[in-house]
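Here is a walk through one protein model, written for someone just starting out with structures. Keep the 3D view open while you read.

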Amino acid sequence: MIGRICGTGSYIPKVAWDNNKLSEMVDTNDEWIQERTGVVRRHIASGEETTSYMAAEAAKAALADASLAPDEVDLILVATISPERIMPSTSCEVQKKIGAVNATCMDVNAACTGFIFALNTAQAFIGQGIYKNVVVIGAESLSNLVNWQERSTCILFGDGAGAAVVRAGETGHYAQVTYSAGNGGNVLTCSSRNQKQFEEQPKAAETYMQMDGREVFKFAVSKVPEVIRELLDREGMQPDEVKYFVLHQANERIVRSVAKRLKEDIGKFPVNMGEYGNTSSASIPILLDELNKKGELRAGEHVILAGFGAGLSYGASLIQW
Ligand code: UT7
C-alpha cells in the first residue's frame, strides 16, 4: 500500500506584522529583511490561536478537501516544536477538537523537517497495512519562542499550520531520504523553560530560539541539493520529471541557491515566505495547500518536498499527486 495526499488545508493567524513594525522593535529595516530573506510580513498567533487550535483548523480544512469524516481518521501526526502544552500531545488536542474519536495520536519533533518526517511515518504505517487514513499536520506558534529583542532571529519567523490527509491506495509513488546530524545541533537551539536552571531566570536567552544563521545557511544550501539528488538517483528519475520542488520556506536566498545548484528553473520552486516568514514544520504543508487550492497539482504529477532545520535534520520526499 502507498499513501497518497487526497486533501490539504491550512490556518493562518489573522494578525500580520510587516517589516516596518519590526523596525520599531529592533534595529532593522524593511530593505535589509527583504533583501536578505525575502520576508515581507509574518502572521502572529493571538492567545486563542494556540498551536493545537491552528493545527485543528488546518486538519478540518484538509478533511473537508478530502471528503473524509473525522471518525474515519486512523492516525493523527502533528509535527511541532512549539506546543502550548508538553502533555497531552498536540495531536491528542487536535483529536478532541475535530472529533477524530478513532484515531491514534502522536507528535513528531524534527523542527523544520518535521512535516517530512511525519509524512514518512504516515507512509510507514500505511505501507505496513496498519492504518489507512492519516492526517499529517505541521503547526507552529514560533512567536512564543522568538526573542523579539534579537534582530538576527526575530525577522525570520512566523506562525501558522498546514495539514494533509494521506490515504492508503494500491497505486502511486512515494520515496524518501532523511538524515539527522545531532553533532551539529548546537547551531539552532531553544531550551525548555521548565528546567531547574531556569527557575531563577525563566526568560533567559537560552529559552528563546538561538541560531547561528550563517552556519544554518551553509548547512541548508549544501545538504538540501545533496539529499534531493540522492532521492532522484535512487528513484532513477531526472529533475525535469519533477513538477515542483516544495522547499522549507526559511529564506528566499536559500531557495534560489538550491535551484541553482540543481541547475533547475527557479519557476519550479514556489515561495511564500514573503507572506508568512519561516513557519518551521508548517511551511511545507501551507505551501502545498496553496498550490493545491490554485489547481497547480494534477493527478500523476511528481513533486519533491525538502526540508532542513534544527537537530540538525534534513530530508526530501518524492510524492505523486
Ligand atoms: O528553518 C531553519 C532556520 N533558520 C534558517 O534557515 C536561517 C538561515 N540563515 C539565514 O537565513 C541568514 O543567515 C540570516 C537571514 C539569519 C542572516 O543573514 P546573513 O546574510 O547571513 O547576515 P549575517 O548574519 O551575516 O549579518 C550580516 C550583517 C551583520 O552586520 P556586520 O557585522 O556586517 O556589520 C549583522 O549584524 O547584517 C547585520 N544584521 C542585520 N542588519 C539589519 C543581522 N541581522 C540584521 C537585521 N537587520 N535584522
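Let's start with helix H8, which runs over residues 252-261 and has Ile-254, Val-255, Ser-257, Val-258 and Ala-259 as its buried residues. Before going on, keep in mind that this is a predicted model. What covers those buried residues of H8? The cover includes helix H7 (213-235), strand S11 (242-247), helix H9 (273-276) and strand S12 (302-309). If you're wondering about the spacing of buried positions along a helix, here's a handy rule: an α-helix has 3.6 residues a turn, so residues three or four places apart point the same way.

Now look at the two ends of H8. At its start, a side-chain oxygen of Asn-251 comes to within 2.8 Å of the backbone nitrogen of Arg-253. After the helix comes Lys-263, which has a positive phi, near 55°.

Helix H10 (residues 283-293) is another one to look at, and it is mostly covered, with ten of its eleven residues buried. Among the buried ones are Ile-284, Leu-287, Leu-288 and Leu-291, but Asp-289 and Glu-290 are on that list too. H10 is followed by Gly-295, and here again phi is positive, near 75°.

Next, the sheet. In what order do the strands of the open sheet line up? Five of them go S1-S7-S6-S4-S5, and the pairing is mixed. S1 and strand S5 (104-108) are the edge strands, each with a pairing on one side only. Going from one strand to the next, the twist averages 20°.

You can zoom in on one pairing: strand S4 (residues 75-79) runs parallel to strand S6 (residues 133-141), and the two are joined over five bridges. Within this stretch, Ile-76 stands opposite Val-135 of S6. As background, strands of a sheet pair through backbone hydrogen bonds, either parallel or antiparallel.

Which helices pack on the sheet? H3 does, touching S1, S6 and strand S7 (159-169), and its direction makes about 125° with that of S1. Helix H5 (residues 114-127) packs on the sheet as well, where it touches S1, S4, S5, S6 and S7, and its direction makes about 165° with that of S6.

Finally, the rings. How many aromatic pairs does a search of the whole structure find? There are six. In one of them, Tyr-11 and Tyr-53 have ring centres 5.5 Å apart and planes at 90°, so this pair is edge-to-face. The two residues are 42 apart along the chain: Tyr-11 belongs to strand S1 (residues 2-11), while Tyr-53 belongs to helix H3 (residues 51-66). Another pair is Phe-125 with Tyr-131, which is tilted, at 5.1 Å centre to centre and 55° between the planes.

Are these four rings' residues buried or partly exposed? The cut-off for buried is under 20% relative accessible area, and the table gives each value.

| Residue | Relative accessible area | Class |
|---|---|---|
| Tyr-11 | 10% | buried |
| Tyr-53 | 29% | partly exposed |
| Phe-125 | 21% | partly exposed |
| Tyr-131 | 18% | buried |

Rings also turn up in a group, as Tyr-179, Phe-219 and Tyr-314 form one aromatic cluster. And some have a charge for company: the charged end of Lys-21 sits over the ring of Trp-17, 4.9 Å from its centre. Arg-193 has its charged end over the ring of Tyr-208, 4.5 Å from the ring's centre.

Technical notes. Residues numbered from 1 in each chain as written. Predicted model: local features only at pLDDT ≥ 70, side-chain atom pairs only at ≥ 80, totals over all residues. Heavy atoms only, no water. Phe/Tyr/Trp six-rings, centres within 6.5 Å; stacked < 30°, edge-to-face > 60°. Helix = DSSP H or I, 4+ residues; strand = E, 2+ residues; numbered from the N terminus. Buried < 20%, exposed > 50% of the residue type's maximum accessible area, 1.4 Å probe, protein only. Lys NZ or Arg CZ within 6 Å of the ring centre and 35° of its normal. Pairing = 2+ DSSP bridges. Axes fitted to C-alpha atoms, helices over the stretch in contact; angles between N-to-C directions. Contact = heavy atoms within 4.5 Å. Polar contact = N/O pair within 3.5 Å; in protein donor to acceptor, adjacent residues only side chain to side chain.
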